[in-house]
Amino acid sequence: MILGVDEKNTYVLNLDKLDSELVKAKISQIKKVVGYDVKSTLKIFIELGADLPEVLHDVMTGAFLLNPLRRIQSLDELSSADLGYSGSSLDEIDDEGLIARAAEVTGAVRELYERQEKELSKLEKLNKVAQKIEWPLVSVLAKMEYIGIKLDKSHLERINDQIEDKVSDLEQEIYGYADAEVNIGSPQQLAEVLYVKLGLPTQGIKKGKTGYSTAASELAKLNGLHPIIDLISQWREVTKLKNTYVDTLPEMTDENSRVHTTYNLTVAQTGRLSSADPNLQNIPVRTELGREIRTAFVAGQGKKFVSADYSQQELRLAAYLSEDKELIDMFNRDVDVHVATASQIYSREPQDITKNMRRDAKVVNFGVMYGLGPHGLAQATGMTHEQAKHFIEKYFEVRPKLKEYIEKIREKAKRDGYIETLLGRRRPTPDVHSSNFMVREGAMRAAVNMPFQGSAADIMKLAMVKVAEKLERKDCDILLQIHDSLIVECSEDVAEDIAQIMKITMENVIKLPIKLTVDTTIGKNWGEL
DNA sequence: GTGTAATGCGCG
DNA sequence: AAAGCGCGCATTACAC
């Protein structure tokens, strides 16, 4: 445990062991903190029951803000790359070594801090992102991670029993058709069975480095040609959920049956959070069995979950950023934008728009933000390539401002070498100059996506800071962030109240000419949300 | 045994 | 000819 103190700030290192009373006393006096991976340190402070200090700066996150392309963000890497340090490892030394070299380590942090502050002060908006969003968010995330979310293990056990029966049934049937006990989990062996042994057509099937693909999208093309296809798809769905969630989550709980994720601030190039160990941002929801897994996440005794979701946040931001008055107006009048879009593309009255027409319009509405082309649209909707091409053309006729905006982003990426979000977070775009078509176009699509996904991420992060402030002393904890959604746990009697606070806070976190609608739900488990 | 690439798929 | 963004993780296959 090392503290480096000067007249202005206290520099704290990443630690995992604490035993000295002296140290605990010292911690309680810390009011402001600078460090490397401060979030990890704050979790130890919480464990000790200390009040959290204000986060002034984090050199790991700072390095990422200034250059998100740099992969290695260890204190070692930063010290040698940015400060020219060449000594032995700073971040993998044991307790004794740490004490011996405390000055060295705090010195590196201090110097990185000073350099990064200088760099940030030259970039006004990025600096504001750091000061107003990232630094306050560090404490919010530390608390979320520390509190965790409760898992009903017996519920998962019951699900597991059902799954195991189903898996063995499916396997027996599949072995029957394959006339061998193939490893269904091996794409190689499976391809051999499907495309050689059973002689299924390989026309139109994607080919990878090792042979013909057996991915779900390719199997879909074979559906109806052989009963084994559907069985394999079912086997995949069930074993995926079993291996990834049902088997592993119960092993990651603490003594109170709670699981604690880690939110990473320095991974996603757009500024989103990522969640790992376990990843709680990809808990299933799209299938019946998947939703069953969600119900295993439960609120504690006398508590409820409240969820608050931004409704179509990225599409609203697209409307605002491209200054498409029509689209902005649609959102502000609460009309169904997918129906409205279909109505414009097909030149039909909204009441004459079928489910399928709406579905196709929805795919394009979201797809354009990712650079979806005719190929992808055809894939997603079942249109022919020609129809898809025409559909996209019609779309941009109806949304000329969006087309213009996308073109502007592509040009900016080439000209300036970076794209920024609404609040000024930057993503470098070096690959838009690549001589490789695939690499170049991929970089262009990522660039186009940045303002939408990244601005949404900024707004949600800011909202988390504000919501955390409002919920202080309210017997209510933020547990999860799933990109456009927050889940809190609070006592039953205040749930309605909390829902309202979250809605108002999140909708008004930033003043824009477009309404950012937030929907809330209350439930005893995640499946009810 | 450990590391890595490839494949596949869960979520927003 | 290619041609959907952002993640994390399980498994297989294979090199070391």
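Of the atoms of DNA strand C that lie within 4 Å of the protein, 68% are sugar or phosphate atoms, and the rest belong to bases. The model is a predicted one. Around DNA strand C there are 33 residues, of which S186, D277, Y370, R427 and R445 come nearest. By class, this surface holds nine nonpolar, 19 polar and five charged residues.

Individual polar contacts reach both the phosphates and the bases of DNA strand C. An N or O atom in the side chain of N183 lies 3.3 Å from a phosphate oxygen. D277 uses its backbone instead: one of its backbone N or O atoms is 2.8 Å from a phosphate oxygen of the strand. On the base side, a polar side-chain atom of R272 is 3.3 Å from a base nitrogen. Several elements give two or more residues to this surface, namely α9 (187–197), α11 (227–246), β8 (274–276), α17 (374–381) and α20. The most comes from α20, with six residues.

DNA strand B is surrounded by 25 residues, and the closest are T214, K240, V285, R286 and D484. Sugar and phosphate make up 75% of the atoms of DNA strand B that come within 4 Å of the protein. The surface near this strand divides into nine nonpolar, nine polar and seven charged residues. Here α11 gives the most, with four residues. Helix α11 is also among the elements that give two or more residues to the surface near DNA strand C.

Three polar side chains illustrate the contacts to DNA strand B. S213 places a polar side-chain atom 3.2 Å from a phosphate oxygen. For D484, a polar side-chain atom is 2.7 Å from a sugar or linking oxygen. Q453 addresses a base: a polar atom of its side chain lies 3.4 Å from a base nitrogen.

D484 leads to a hairpin. Strands β13 (residues 476–481) and β14 (residues 485–491) form this hairpin, with three residues between them. In the turn, H483 has a positive phi of about 65°. The two strands pair in the antiparallel sense over five bridges. Within the pair, D477 stands opposite E489 of β14. Strand β13 is mostly covered, with five of its six residues buried.

A second region of pairing is an open sheet of three strands. The order is β6-β5-β9, and the pairing is antiparallel. The edges are taken by β6 (258–259) and β9 (297–298), each with a single partner strand, so one side of each lacks a neighbour in the sheet. Strand β5 (residues 149–151) is joined to β6 by two bridges. I149 stands opposite V259 in β6.

Aromatic side chains were examined next. Five aromatic pairs were counted. One of them is formed by Y405 and F452, whose ring centres are 5.9 Å apart and whose planes meet at 45°, so the pair is tilted. Y405 belongs to helix α19 (residues 400–416) and F452 to helix α20 (residues 437–471), so the pair ties together parts that are 47 residues apart in sequence. Both Y405 and F452 are buried. Helix α20 is thus described twice here, since it also gives six residues to the surface near DNA strand C.

Y418 has charged groups over its ring. The charged end of K412 sits over this ring, 4.4 Å from the centre. That of R426 also sits over the ring of Y418, at 4.0 Å from its centre.

Some backbone features stand out. Most residues other than glycine have a negative phi, and most peptide bonds are trans. D277 and P278 are joined by a cis peptide bond, with omega about 0°. P278 is placed in the loop between β8 and α12 (288–294). D277 is also one of the residues that come nearest to DNA strand C.

Positive phi values occur at two acidic residues in loops. D179 has a phi of about 60° although it is not a glycine. The loop that holds D179 runs between α8 (153–178) and α9. D179 is exposed, with a relative accessible area of 64%. E323, likewise not a glycine, has a positive phi of about 55°. It lies in the loop between α13 (313–321) and α14 (325–332). E323 counts as partly exposed, at 47% relative accessibility.

Key
Residues numbered from 1 in each chain as written. Chains lettered and ligands numbered in written order. Predicted model: local features only at pLDDT ≥ 70, side-chain atom pairs only at ≥ 80, totals over all residues. Heavy atoms only, no water. Buried < 20%, exposed > 50% of the residue type's maximum accessible area, 1.4 Å probe, protein only. Pairing = 2+ DSSP bridges. Phe/Tyr/Trp six-rings, centres within 6.5 Å; stacked < 30°, edge-to-face > 60°. Lys NZ or Arg CZ within 6 Å of the ring centre and 35° of its normal. Near = heavy atom within 4 Å. Polar contact = N/O pair within 3.5 Å; in protein donor to acceptor, adjacent residues only side chain to side chain. Nonpolar A, V, L, I, M, F, W, Y, C, P; charged D, E, K, R; others polar.
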